[in-house]
Amino acid sequence: MAATRLGWPSVIDGLADMRLDLRPVNEGAGWRVEGIVEAVQVAVCDARTLAERLAIATLRMPIDCSTDGRSLAIRRLSADGEIFSLQARGRIPLAGATAWDWLERAIDADFEFSGEVDLAAASKARPGGLELRPDVRVTAGRMRFAGASRGDGTGRMLELRLDSQGLEATQGTRQLKW
């Protein structure tokens, strides 16, 4: 119902157990959320047709974050499942007038994130597999990513990293390896 009323292109279907403590901080100016969310048999579906776009068997997300209305302080935020893992910590701005405005504010914040995607599991979780092009489907490999923003002497540094290993795909009957 929310997807239809708000015009969302996707909905999430599945079972989740959320055990979260939510309490006001800074004399009610912000909130702290602490706990864990565990989800099973989750599917991301098209909101109009309910066609499955991605299936996730299990997902575990420990959370310890707070907000002051302007930024989000992340003490612990992670998500672990059979397809991917993600970790983040630091402080990031909540919003900007535009995406560029938010990015300029984010560079002034101190944060770091990292993650890994099992491309074979991601391919199995999507109907039709994971396509690089219409005729190329991923069959194996891992993708790792990381980023950090921090002070560096008198300036700021934004570092982004992306690497992969063991990439394999099929193009028709041909096996491709990188």
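This report describes the fold, the nonpolar core, the strand pairing and some single residues of a protein model.

**Overall picture**

The structure is a predicted model. Its mean pLDDT is 91, and 98% of the residues reach 70 or more. Confidence is not even along the chain: helix H1 (residues 2–6) has the lowest mean, 71, while strand S6 (residues 111–118) has the highest, 97.

The protein contains three helices and 10 strands. In sequence order they follow the pattern α-β-β-β-β-β-α-β-α-β-β-β-β. The C-alpha trace spans about 60 × 45 × 30 Å along its principal axes. Of the 178 residues, 28% are buried. The protein exposes about 11800 Å², and carbon and sulfur atoms supply 56% of that area. When contacts between residues at least 6 apart in sequence are considered, 46% of them join residues at least 24 apart.

**The nonpolar core**

Nine residues make up the largest nonpolar core: Ala39, Val42, Ile56, Leu59, Ala79, Ile83, Ala121, Ala122 and Ala125. Strand S2 (30–46), strand S3 (52–67) and helix H3 (119–125) each supply at least two of these residues. The most comes from H3, which gives three residues.

Val42 is one member of this core. Apart from residues up to four places away in sequence, Val42 touches Ile12, Asp13, Gly14, Leu15, Leu54, Ala55 and Ile56. Ile56, in that list of contacts, is itself a core residue.

**Strands S8, S9 and S10**

Strand S9 (residues 155–171) pairs with strand S8 (residues 136–152) in the antiparallel sense, over 15 bridges. S9 is also joined to strand S10 (residues 174–177), again antiparallel, by four bridges. Each of these two pairs is a hairpin, as the table shows.

| Hairpin | Residues between the strands | Glycine with positive phi | Example of facing residues |
|---|---|---|---|
| S8 and S9 | two residues | Gly153, near 70° | Phe145 and Leu162 |
| S9 and S10 | two residues | Gly172, about 70° | Gln171 and Arg174 |

**A buried serine in S8**

Ser149 lies in strand S8. Is Ser149 buried or exposed? Ser149 counts as buried because its relative accessibility is 2%, and the cut-off for buried is under 20%. A polar atom of the Ser149 side chain lies 2.9 Å from the backbone oxygen of Ala109. Ala109 is also among the contacts of Ser149 outside its neighbours within four places in sequence; the others are Ala106, Ile107, Asp110, Phe111, Arg156, Met157 and Leu158.

**Two residues with positive phi**

Gly153 and Gly172, in the table, are glycines with a positive phi. Which residue of strand S2 has a positive phi although it is not a glycine? That residue is Gln41, with a phi of about 50°. Gln41 counts as exposed because its relative accessibility is 60%, and exposed means over 50%.

Leu50 is another residue that is not a glycine but has a positive phi, here about 60°. Leu50 sits in the loop between S2 and S3. With a relative accessibility of 55%, Leu50 therefore counts as exposed too.

Methods: Residues are numbered from 1 along each chain as its sequence is written. This is a predicted model: local features need pLDDT of at least 70, side-chain atom pairs count only at pLDDT 80 or more; totals for chains, interfaces and linings use all residues. Side-chain values use heavy atoms; hydrogens and water are left out. A nonpolar core is a set of buried Ala, Val, Leu, Ile, Met, Phe, Trp, Tyr and Cys residues joined through side-chain atoms within 4.5 Å. Buried means under 20% relative accessible area, exposed over 50%, partly exposed in between (1.4 Å probe, protein chains only). Contact means heavy atoms within 4.5 Å. Two strands pair if DSSP finds at least two bridges between them. pLDDT is the predictor's confidence in each residue, from 0 to 100. A polar contact is a pair of N or O atoms within 3.5 Å; within protein, one must be able to donate a hydrogen and the other to accept it, and residues adjacent in sequence count only if both atoms are side-chain atoms. Accessible areas come from the Shrake-Rupley method with a 1.4 Å probe; for residues, only the protein chains shown count as cover.
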